[in-house]
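Here are some notes for a colleague reading this entry, set out as numbered points. Please go through them with the structure open.

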Amino acid sequence: MTVWLRRQKRLIDYTVASLLRRAARNFALLAVYTLIVFVLATVMLFTHALRQEAMVLLDGAPEITVQRISMGRHDLIPASYVDAIADIRGARDVRGRLWGYFYDTANGANYTLMVPDGDRYGAAPDVGETVAGAGVARSRGVVPGKYLFLLSPRAKLFKLKLKDVLDADSEIVTTDLVLMAESDFRAFFDVAPDVHTDIVLKVRNPREVAKVAEKISNALPDCRVVTRGDILRTYDSVFNWREGILLALLGGAIFAFVIFAWEKASGLSAEERREIGILKAVGWETSDVIKMKMWEGAVVSLGAFLTGYVLAYIHVFYFSAGLLEPVLKGWAVLYPRFELTPQVDGVQVATLLFFTVAPYIAATLVPIWRAAITDPDAVMR
Amino acid sequence: MIVLQDITKTFNEGADNEYTAIHGVDLKIDADRVTVLRGPSGSGKTTLLTLIGGLARPSSGRIHVNGREVTSLPERFLTHMRREVFGFVFQSFNLIHGLSVLENVMIPAYPLGGPGRELNARAVELLETLRIAHKAGTEVQYLSGGEAQRVAIARALINDPPILVADEPTANLDTALSLEFLDIVRELRGRGKTVVMTSHDPMIWQADLVDAVVAMRDGRIVDSGVDPGGEGTA
């Protein structure tokens, strides 16, 4: 081992011994520090994961969705509108969709029943069969090959054989889905054959999306036209709003922590000043003292950061952020439950690291440096 | 040899509470000998000792250690001298509480980065020499005064410095422990170490092993020693 490495090892050994000597104080600081990182990281991980889920959702979303509005509410749309939209220049792949919500009283869960259009979830299942999301399968306790029983709004019992469970690459999208054949869907909700839930389409030239949407609005004044950009903006503002509210609430706590950390870090006790004096008197260089204290600050702040971050990761991705769920998920706190797909954003980690670790180490080093450059005799007096 | 030329030390210079502790002191301290600075409280002997040992810098004047002028040296070189030329024993021992005896003894050697096993062996050997090895694992706040002093001496010697500087080393000890300390000093002297210490205890400065006694009062030397080497030589 080189002399340099041995010096660093000794400094770290001394640092650890020094931390243990003030175990109660350092443990209290570590606990508060960890808690702050934990809450901040939870918010960041959660909102980032939700945004990613939303992005996955939007990736498969149609460029334009057309919904018929009746008395201000979403209504079924006539199949004839499909042809009307297809005639608009620039529109392509126009098709009607069938989907609806179903409240499962047995589980208190909301399911989305849908007829797949062949794009995102493949071809529709055969009549009498279904493909369901992981949340549905979990809450109903069914596995492929077994039957899923659903009671229709007209109190008719439907028996669908579970053919497969959807891949959980993004559970927020798929967890509540129940895919079925068109005839099963129409029979279940008692929907006439000449209407759809809404109409979706693509646009030949992506730069023409707004123009095509405007043309549809003009041609079909009883319809609401929603573009993918509109959905994206809605998601962003919803998630930013939630994150913002929580961060604002946390602001007070963070501010209190900053004062606490600054007080702890900047106010050298008489004992610490004496110790620095002794170390310098027996031959430690100013840089050795600063390094030792830097290690001490690094152990506390990085220890708190890593512990807080790992706990937040576990909390978000293994326990569905149970402590902050009502604030963060909002309307999404519905059954069946969904598990977020683990996502870590390097920039977010770096930002959190910078705003929690760097200020603490800086606040620690300044007073140490001031004490360490003083004559040891003066420090000990 | 340590040579002090016209040394002055003023605290709080320019402030209302400015105070000059040392006034133009000239002194020579020979190597391989035991020198005692004596005087009443407030006479400036501890301040002079800290200047000799490089713990503080004089306001004016020069100090030469083994022929090298040290007062104008950068902090880094002064640190080097404190680590490898001087070993300090403080009046209140200044051990670091919460650490064991062994850890306290090894602290001055940490920045040198020597092999851990050798350092450990050297520390244990010193503790054995000073008959305190059985307390190696004890935290220093649980030691008696005499034990703490021996640990402080071991710490001062861990880097094998040629000069031992001790400030009122027997102030907190009873007669028996003071005599024990003198035995240790005798042994160090026998090993060729230079020992400079302050004391107002007659048992110390009247001891036969002491080669020179420098009397101080009000920051000035009033008696420059018993050494036949001449005036100003301790």
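The points below take up a sheet in chain A, a helix pair in chain A and the contact between the two chains, all in a predicted model.

1. In chain A, 6 strands form an open sheet in the order S5-S6-S10-S7-S9-S8, and the pairing within this sheet is mixed. S5 and S8 (147-151) of chain A stand at the edges with a single partner strand each, so that each of them has one side without a neighbour in the sheet. Ignoring direction, neighbouring strands of this sheet are turned by 35° against each other on average.

2. At the S5 end of that order, strand S5 (residues 99-104) of chain A runs antiparallel to strand S6 (residues 109-114) of chain A, and 6 bridges join the two. Within this pairing, A:Tyr103 stands opposite A:Asn110 of S6(A). The hairpin made by S5(A) and S6(A) has 4 residues between the strands, and in this hairpin A:Gly108 takes a positive phi near 65°.

3. S6(A) is also joined by 3 bridges to strand S10 (residues 177-180) of chain A, and these two strands run parallel. Here the bridge partner of A:Thr112 is A:Leu177, which lies in S10(A). The antiparallel pairing of S5(A) with S6(A) and the parallel pairing of S6(A) with S10(A) may be read alongside the description of the sheet as mixed.

4. Turning to the helices, the axes of H1 (residues 3-21) and H10 (residues 286-318), both of chain A, come within 9 Å and cross at roughly 60°. An angle from 65 to 115 degrees would count as roughly perpendicular, and H1(A) and H10(A) are therefore oblique to each other. The crossing of H1(A) and H10(A) is right-handed.

5. What does each helix bring to the contact of H1(A) with H10(A)? From H1(A) come A:Leu11, A:Ile12, A:Tyr14, A:Thr15, A:Ser18 and A:Leu19, which meet A:Asp288, A:Lys291, A:Met292, A:Trp295, A:Glu296 and A:Val299 of H10(A). By class, the residues of this contact divide into 7 nonpolar, 2 polar and 3 charged.

6. Between the chains, the contact takes 24 residues from chain A and 22 residues from chain B. On the side of chain A that touches chain B, at least two residues are supplied by each of H1, H9 (270-281), H10 and H13 (376-380) of chain A. H1(A) gives the most to this side, with 9 residues, and the side as a whole has 13 nonpolar, 2 polar and 9 charged residues.

Definitions and conventions:
Residues numbered from 1 in each chain as written. Chains lettered and ligands numbered in written order. Predicted model: local features only at pLDDT ≥ 70, side-chain atom pairs only at ≥ 80, totals over all residues. Pairing = 2+ DSSP bridges. Axes fitted to C-alpha atoms, helices over the stretch in contact; angles between N-to-C directions. Parallel < 35°, antiparallel > 145°, perpendicular 65-115°, else oblique. Left-handed = near helix turned anticlockwise from the far one by under 90°. Contact = placed C-beta atoms within 7 Å. Nonpolar A, V, L, I, M, F, W, Y, C, P; charged D, E, K, R; others polar.
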